[in-house]
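Subject: Handover of a structure and a summary of the findings

Dear colleague,

Please find below the structure that I am handing over to you. A summary of what was found in it follows.

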Amino acid sequence: MPSSRKFFHARHPSNIITRKSLALVLSLLIGFAGLLLFSIVVFRQDITTGVYDKPLSVSVVWDQSGGGGLVSGGVQKRHKVMGFVGIQTGFASVGRRRALRKTWFPSDHQGYFVDQMLCRLEESTGLAFRFIIGKTHDRSKMAALKKEVEEYDDFVLLDIDEAYSKLPYKTLAFFKAAYALFDSDFYVKADDDIYLRPDRLSLLLAKERRHTQTYIGCMKKGPVFTDPKLKWHEPLGYMLGKEYFLHAYGPIYALSADVVASLVALRNNSFRMFSNEDVTVGAWMLAMNVTHENNRQLCQPECTATSIAVWDIPKCSGLCNPEKKMLELHQMKICANSPTLVSNE
């Protein structure tokens with residue numbers, strides 16, 4: 001018995017307990033760390049890829065061999081979505097992009113939760129969203145853009161000079177790049193100064209249609225320029241009776257996949273360009289004999305229960321003070337949080 005007592009009452013019982021406790025704690029920590037790492041990897045993969053395995057920001061350049069095709073670095077496949085929405089932006093629109101990311105086009109900073117909110121928006125609507133921008137010879141502006149791309153990762157970069165006078169060329173480059181990157185039912189061109197309801201846009205694009213070649217927009221009729229040989233304003237030499245041809249307002253419109261496929265198949269030098277981008281696209285649509293679908297919910301001056309796009313028509317070709325107005329609209333329940341209703345348009 002004495003010996004057993006001596007054995008039981010060792011000289012340093014605290015050391016034994018400490019070693020056992022330490023081993024237990026270390027085992028728990030290792031197990032927890034492994035579980036946490038696994039969760040982060042899986043969760044990050046879910047967040048960054050989303051349902052549609054969306055690509056990261058990409059730079060798309062023209063094939064200089066003369067074929068008019070596209071070369072996109074690192075893109076292995078076209079990503080399937082119902083609609084691709086390209087938000088046309090420029091180097092002077094940093095404030096607009098900041099306002100958009102705080103409202104209907106959410107975006108998070110880089111990290112484990114990269115694009116969490118944007119990915120959720122894309123998953124819930126079936127739409128993919130990217131800012132579309134060209135290039136400039138100003139190195140400081142390009143450096144600032146590169147930093148923004150790295151931070152937010154929500155761009156498609158076009159190999160075309162960013163200039164107001166070249167908007168028709170940029171628009172064509174956008175549709176060709178979008179078609180190369182996304183297998184989409186519709187391709188939507190939108191400006192960075194409108195307030196958009198993505199959920200309602202999704203419902204509009206999801207509607208059943210008899211025609212596969214469709215041009216959706218808030219349509220208008222109007223003169224474009226004066227032909228000195230004529231006594232009236234005649235756009236592009238076309239008049240339908242006493243009416244000018246229909247074309248969509250520029251802030252937002254959509255082309256079906258078949259229409260964009262036809263644009264992609266044509267060489268760049270086969271397109272006639274005019275000073276106004278919306279008129280230029282309208283002329284192409286007239287030549288292609290597509291179905292025009294007029295929807296007034298794409299050009300509402302204020303938020304309603306069915307409005308899809310809100311901008312200050314006819315005062316401005318967008319919101320007149322977009323950086324401020326975008327945030328104000330988003331605070332209004334009728335704009336951001338009202339139920340999604342189906343319009344009778």
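In what follows, a residue is called buried when its relative accessible area is under 20%, exposed when that area is over 50%, and partly exposed in between. Please bear in mind that this is a predicted model.

Disulfides

The count of disulfides in the model comes to 3. If the bonded cysteines are numbered in sequence order, they pair as 1-2, 3-6 and 4-5.

One of these links joins C218 to C299, with 1.9 Å between the sulfur atoms. The torsion about this S-S bond is about 50°, so the disulfide of C218 and C299 is right-handed. C218 belongs to strand β8, whereas C299 sits in the loop between β10 and β11 (309-310); the two are 81 residues apart, and the pair links distant parts of the chain. With a relative accessible area of 5%, C299 falls under the 20% limit and is therefore buried. C218, at 1% relative accessibility, also counts as buried.

The sulfur atoms of C303 and C335 are likewise bonded, at 1.9 Å. The link of C303 and C335 is right-handed, with 105° about the S-S bond. C303 lies in the loop between β10 and β11 and C335 in helix α11 (residues 333-336), so this disulfide ties together parts that are 32 residues apart in sequence. Both C303 and C335 are buried.

A further disulfide is formed by C316 and C320, whose sulfur atoms are 2.1 Å apart. Its S-S torsion is about 110°, so the link of C316 and C320 is right-handed. C316 has a relative accessibility of 25% and counts as partly exposed. C320 is also partly exposed, with a relative accessible area of 39%.

As for C119, this cysteine is buried, with a relative accessible area of 4%.

Salt bridges

There are 18 salt bridges in the structure. Three of them are described here.

The side chains of R101 and E148 form a salt bridge, with 3.0 Å from N to O. R101 is part of helix α3 (residues 94-101) and E148 is part of helix α5 (residues 139-152), so the pair ties together parts that are 47 residues apart in sequence. R101 counts as buried, at 10% relative accessibility. E148 counts as buried as well, at 10% relative accessibility.

R209 and E293 meet through their side chains in a salt bridge of 2.7 Å, N to O. R209 is found in the loop between α7 (198-206) and β8 (214-221), and E293 in strand β10 (residues 291-294), so this salt bridge ties together parts that are 84 residues apart in sequence. E293 has a relative accessibility of 17% and counts as buried.

K220 and D278 are also joined by a salt bridge, their closest N and O atoms being 3.2 Å apart. K220 lies in strand β8 and D278 in helix α9 (residues 277-288), and the pair links distant parts of the chain, 58 residues apart. K220 is partly exposed, with 23% relative accessibility, whereas D278 is buried, with a relative accessible area of 12%.

Beyond individual pairs, salt bridges that share partners join R97, R101, E148 and D154 into one network.

Cavity

How many cavities of 30 Å³ or more does a search of the whole structure find? The search finds 1 such cavity. The largest cavity holds about 30 Å³ of space. Its lining consists of V188, L201, L204, L205, I216, I252, Y253, A254 and L298. The elements that contribute two or more residues to this lining are α7 and β9 (246-256). What is the make-up of the lining of the largest cavity in nonpolar, polar and charged residues? The lining has 9 nonpolar residues, no polar residues and no charged residues.

Points of overlap

Some elements appear under two headings. Strand β8 holds K220 of the salt bridge with D278 and C218 of the disulfide with C299. The loop between β10 and β11 holds C299 and also C303, the partner of C335.

Yours sincerely

Conventions:
Residues are numbered from 1 along each chain as its sequence is written. This is a predicted model: local features need pLDDT of at least 70, side-chain atom pairs count only at pLDDT 80 or more; totals for chains, interfaces and linings use all residues. Side-chain values use heavy atoms; hydrogens and water are left out. A salt bridge is a side-chain nitrogen of Lys or Arg within 4 Å of a carboxyl oxygen of Asp or Glu. Helices (H or I, at least four residues) and strands (E, at least two) are DSSP runs, numbered from the N terminus. Buried means under 20% relative accessible area, exposed over 50%, partly exposed in between (1.4 Å probe, protein chains only). A disulfide is a pair of cysteine sulfur atoms within 2.5 Å. On a 1 Å grid over the protein atoms alone, a cavity is a set of points where a 1.4 Å probe fits but cannot get out, and a pocket is an open set with protein on both sides within 12 Å along at least five of seven lines; lining residues have an atom within 4 Å of a point. Grid points are joined across faces, edges and corners, and a volume is the space filled by probe spheres set on the points. Ala, Val, Leu, Ile, Met, Phe, Trp, Tyr, Cys and Pro count as nonpolar, Asp, Glu, Lys and Arg as charged, and the others, Gly among them, as polar.
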